[in-house]
Amino acid sequence: MAILSEGVREQLRARFAERLRGPVELTLYTRPGSGRLILPSGVGCATCDEARELAEELRDAAPDKVSLEIVDVSATPDANVTEVPTLRVAAPGGDPRIAWQGLPGGFEFATVVDAMERVSAADPGLSEQTLAWLERLQADLEVMVFATPT
Amino acid sequence: MSLANRMALASEHVHALTVEANEFPELSRQFGVSGVPRTVINRAGAFVGALPEAQFVETALKLAGVDIEPAPDGG
């Protein structure tokens, strides 16, 4: 069953046709599911099936520009991902530095769409001041944001 | 698009990870999540709430120990 309604999928197709400037790679890390149960870390996956549907619908909204790789971490130990579902967005060949852990529903779905568009255009849309500050970074910085679907 | 994602797009040093808090209760407890959005920097310092761009980036970089000048208008 589709995650997005036909109306939303149509809006997404129109939006991507206008705003996706170049190719975007999605990588979804999954593990065989266990329904809606919330299980201990490393066991099963409550939302992997929905995350896969959602990722496929994102790809299908612009199949000429969006590619999707689905990685089963239980069969790919060197994937170096333990928490699933994890969705990463990157430009082709780029280091995937933008990720969501868990099903990106509600407002977070909008951030995935926007990230895909900005990655495709290589346009972070940040102020000159922010860009100048970021140039001072000499070491890696992880920004982890806890959110809820609403 | 979240500011964390935009920072990651702008700098190869930045990695942005958005965690669905309800799906990962252990991780949420580990990082003291009682309200969202909660932003955790390098799995150490944290702040709560949606901040304007300048304040968000300034706070994140200061928590990471990066020496920056203060934002001229705080937002």
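**Exercise 1. The interface in outline**

Task: State how many residue pairs are in polar contact across the interface of chain B and chain A, and which elements of chain B form its side.

Solution. In this predicted model, 29 residue pairs, both members at pLDDT 80 or more, are in polar contact across the interface of chain B and chain A. The next step is to list the elements of chain B that give two or more residues to the side touching chain A: helix H1 (3-10), strand S1 (14-20), helix H2 (25-30), strand S2 (38-41) and helix H3 (53-63). H1(B) supplies the largest share of that side, 8 residues. By residue class, the side of chain B that touches chain A comprises 32 nonpolar, 10 polar and 11 charged residues.

The extent of the contact completes the outline. Chain B contributes 53 residues and chain A contributes 45 residues. About 4600 Å² is buried between the two chains, and carbon and sulfur atoms give 60% of that area.

**Exercise 2. The salt bridge**

Task: Determine how many salt bridges are counted between chain B and chain A, and identify which side chains meet.

Solution. The count is 1 salt bridge. Its partners are Arg43(B) and Glu142(A), with a distance of 2.8 Å from N to O. This pair satisfies the criterion because a salt bridge requires the nitrogen to lie within 4 Å of the carboxyl oxygen.

**Exercise 3. Helix H1 of chain B**

Task: Establish how many residues of H1(B) are buried, and what covers them.

Solution. Of the 8 residues of H1(B), 7 are buried, and the helix is mostly covered. The buried residues are Leu3(B), Ala4(B), Asn5(B), Arg6(B), Met7(B), Ala8(B) and Leu9(B). Their cover comes from both chains. From chain A it includes strand S4 (98-101), helix H3 (107-121), helix H4 (128-134) and S5, and from chain B it includes S1 and H3.

**Exercise 4. Strand pairing across the chains**

Task: Decide whether strand S5 (residues 141-147) of chain A runs parallel or antiparallel to S1(B), and then do so for S5(A) and S2(B).

Solution. Consider S1(B) to begin with: 7 bridges join S5(A) to this strand, and the two run parallel. Within this pairing, Ala147(A) stands opposite Glu20(B). Turning to S2(B), S5(A) pairs with this strand in the antiparallel sense over 4 bridges. Here Val143(A) has Ile41(B) as its bridge partner.

**Exercise 5. Strand S2 of chain B and its hairpin**

Task: Describe which way the residues of S2(B) point, and what S2(B) and S3(B) form.

Solution. In a regular strand, side chains alternate between the two faces of the sheet. In S2(B), Arg38(B) and Val40(B) point one way, Thr39(B) and Ile41(B) point the other way, and all are buried. S2(B) also pairs with S3(B), antiparallel, over 3 bridges, with Thr39(B) opposite Phe47(B). The two strands form a hairpin with 4 residues between them.

**Exercise 6. Backbone exceptions**

Task: Find which peptide bonds to Pro85(A) and Pro37(B) are cis, and where positive phi values occur at Asn80(A) and Asn42(B).

Solution. Most residues other than glycine have a negative phi, and most peptide bonds are trans. Two exceptions concern the peptide bond. The bond from Val84(A) to Pro85(A) is cis, with omega near -5°, and Pro85(A) is placed in the loop between strand S2 (66-72) and strand S3 (86-90) of chain A. The bond from Val36(B) to Pro37(B) is also cis, with omega near -5°, and Pro37(B) lies in the loop between H2 and S2 of chain B.

Two exceptions concern phi. Asn80(A) has a phi near 60° and lies in the loop between S2 and S3 of chain A; this residue is exposed, at 71% relative accessible area. Asn42(B) has a positive phi of about 50° and sits in the turn of the S2(B)–S3(B) hairpin. Asn42(B) counts as partly exposed, with 34% relative accessibility.

**Exercise 7. Strand S1 of chain A**

Task: Determine how many residues of strand S1 (residues 24-30) of chain A are buried, and in which sense S1(A) pairs with S2(A) and S3(A).

Solution. S1(A) is mostly covered, with 6 of its 7 residues buried. S1(A) runs parallel to S2(A), joined by 7 bridges; Thr30(A) has Asp72(A) as its partner there. With S3(A) the pairing is antiparallel over 5 bridges, and Glu25(A) has Ala90(A) as its partner.

Conventions: Residues numbered from 1 in each chain as written. Chains lettered and ligands numbered in written order. Predicted model: local features only at pLDDT ≥ 70, side-chain atom pairs only at ≥ 80, totals over all residues. Heavy atoms only, no water. Contact = heavy atoms within 4.5 Å. Buried area = accessible area lost by both parts, 1.4 Å probe. Polar contact = N/O pair within 3.5 Å; in protein donor to acceptor, adjacent residues only side chain to side chain. Nonpolar A, V, L, I, M, F, W, Y, C, P; charged D, E, K, R; others polar. Pairing = 2+ DSSP bridges. Buried < 20%, exposed > 50% of the residue type's maximum accessible area, 1.4 Å probe, protein only.
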